[in-house]
Amino acid sequence: MTGTHVTSSGASASPPDKNSVGRWSQIIAHADMDAFYASVEQMDDPRLRGRPILVGSTSGRGVVLTASYEARHTGVGSAMPMVKARRLCPQALIVPPRFARYAELSGRIMQAFTDFSPHVEAISLDEAFLEMTGSEHIFGSPEQMANRIREAIHEATGGLTASVGISGTKYVAKVASALNKPDAITVVPPDKAAAWLAPLSISRLWGAGPKTQARLKQLGFHLIGDLAVADPDFLKARLGSLGMHFYALANAQDPRSVARSHRARSLSSDRTLEHDISDPADIRRHLRRSADRVGTRLKKNNYLAGGVRVKLKTTDFQSLTRQRLLNEPSDVADVLYETALSLLPAFASSGPFRLVGLAAHDLIRADGPEQGDLFNSHQQSRELEKTIDALNQRFGKNAVRRARDIDSSTVLGDHASDLDFLR
Ligand SMILES: [Mg+2]
């Protein structure tokens, strides 16, 4: 089933060309799991293998998070309303998502990537960029690199497949990984990249949503190659800086470098207290306040928390922590708070404590391509919290609060030293 696609005259049939490898001034790989959630479900439950399945809410509301390949030929896919998907593919089994399991496997995949490069940028649970420049002497040609990455994923997950695109820019590597799915390697040498992009639809432009695509078509651009030969001044006049961005992408130029992984990061709010506390109600109030702060900063920085950690420091300076993966990545303060509360009974000590802290860990980007669908179950809380954040930003800290938080303000003055940080 594995396909290797190499864009250069006949290179796929001949051994790797040392000279062409030498011309790559930058090597970037993009690895993307094939139908990740659905494949995990099929791996874990043999009864689901070979059958059309839709991962998503079984309530009939909400959207399809991932459809297995057996279901896709009917036209169903990610982000489609479940009602519509069930109509198109009535034989499909609906499987509820298990985000903690996906996060666990994602952790193993990202860990495997660190064997290949110190620069791994996860852009969702199941995709990452790897900066591979300069590692030819370790891993061989770009094609061999891509193959070894694919094998490492297979091994780390116990059998899942991924598709890997490899080229000289993030953009081309990303398009390449998607083009020949599943279980495929697509190698696009940088000097062939613009020609390789040219016949593709503008729907393959990274960052062009449906509205932008419609606008581009209105202007007469249907293929990426149409944009590549457009008049840059015209694009700038019609689309502003976005026009110039697309012009650069269409010409296979993308200056963005691979950032270090976001997954290792955590975001926390710790408070060293003026007075030691042991009353559970006081601990809860501090956690509430920390959850609000962390939630605000997650949303502001476009992250979702994969897990929540509570830290308590006893008066004899012992640090105690308990943590838990969320069932569904979230930036909703209510969810962080409820999870923190659920961890409290797990602490052996009942105080007194001199520090109460809450951290969001296993962060993932909220703007990854598949993450938009994850917000469904907490969409209302999320919108409310965003509104509160915006008002507070405009009218001053704590200008707006939910009624149930107001009593905590008497306890939590701003005298407690605040050690907010983003590592
Ligand atoms: Mg994927």
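Helix 2 and helix 5 cross at roughly 100°, and their axes come within 11 Å of each other. That makes helix 2 roughly perpendicular to helix 5, a label used for angles from 65 to 115 degrees, with under 35 being roughly parallel, over 145 roughly antiparallel and the rest oblique. Axes here are lines fitted to C-alpha atoms, for helices over the stretch in contact, with angles from 0 to 180 degrees between N-to-C directions. Bear in mind that this is a predicted model: local features need pLDDT of at least 70 and side-chain atom pairs count only at pLDDT 80 or more, while totals for chains, interfaces and linings use all residues. Numbering starts from 1 along each chain as its sequence is written.

**The helix 2 and helix 5 contact**

- Phe36, Tyr37 and Val40 of helix 2 meet Arg101, Tyr102 and Leu105 of helix 5 (contact: C-beta atoms, placed from the backbone, within 7 Å).
- By class, that contact has five nonpolar residues, no polar ones and one charged; nonpolar covers Ala, Val, Leu, Ile, Met, Phe, Trp, Tyr, Cys and Pro, charged covers Asp, Glu, Lys and Arg, and the others, Gly among them, are polar.

**How helix 2 sits in the fold**

- Helices (H or I, at least four residues) and strands (E, at least two) are DSSP runs numbered from the N terminus.
- Helix 2 spans residues 36-44 and is largely enclosed by the rest of the structure, because seven of its nine residues are buried.
- A residue is buried if 20 or more other C-beta atoms lie within 10 Å of its own, exposed if 12 or fewer, and partly exposed in between, with C-beta atoms placed from the backbone.
- The buried ones in helix 2 are Phe36, Tyr37, Ala38, Ser39, Val40, Glu41 and Gln42.
- Those buried residues pack against helix 5 (99-113) and four strands: strand 2 (28-33), strand 3 (53-56), strand 4 (64-67) and strand 5 (93-95).

**The three-stranded sheet**

- Strands 4, 3 and 5 make an open sheet in the order 4-3-5, with mixed pairing; two strands pair if DSSP finds at least two bridges between them.
- Strand 4 and strand 5 are the edges, each pairing on one side only.
- Neighbouring strands in this sheet are turned by 30° against each other on average, ignoring direction.
- Helix 2 packs on the sheet, touching strand 3, strand 4 and strand 5, and its direction makes about 115° with that of strand 3.
- Three bridges link strand 3 to strand 4 in the antiparallel sense, and leucine 54 has alanine 67 of strand 4 as its bridge partner.

**Proline 96**

- Proline 96 belongs to the loop between strand 5 and helix 5.
- It counts as exposed, because it has 11 C-beta neighbours inside 10 Å.
- Proline 96 lies 5.7 Å from valine 55, C-alpha to C-alpha, though the two are 41 residues apart in sequence.
- Neighbours within four places in sequence aside, proline 96 is in contact with Ser57 and Thr58.

**Strand 7 and its partners**

- Strand 7 (residues 127-131) is mostly covered, with five of its five residues buried.
- One face carries Glu127, Phe129 and Glu131 and the other Ala128 and Leu130, and both faces are covered.
- Strand 2 pairs with strand 7 in the antiparallel sense over five bridges, with histidine 30 matched to phenylalanine 129.
- Strand 6 (residues 120-124) also pairs antiparallel with strand 7, over four bridges, and serine 124 stands opposite glutamate 127.
- Strand 6 and strand 7 form a hairpin with two residues between them.

**The strand 11 and strand 12 hairpin**

- Strand 11 (residues 303-314) and strand 12 (residues 319-330) run antiparallel and are joined by eight bridges.
- Arginine 309 stands opposite glutamine 323 of strand 12.
- Four residues lie between these strands, and in this hairpin phenylalanine 317 takes a positive phi near 65°.

**Whole chain and core**

- The protein chain has 16 helices and 16 strands, and 40% of its 423 residues count as buried.
- Of contacts between residues at least 6 apart in sequence, 67% join residues at least 24 apart.
- The largest nonpolar core (buried Ala, Val, Leu, Ile, Met, Phe, Trp, Tyr and Cys joined through C-beta atoms within 7 Å) has 103 residues, and Ala29, Leu130 and Leu336 have the most contacts inside it.
- Leaving aside neighbours within four places in sequence, leucine 336 is in contact with Ala291, Val294, Gly295, Ala305, Val308, Leu358 and Ala360.

Methods. Two residues are in contact if their C-beta atoms, placed from the backbone, lie within 7 Å.
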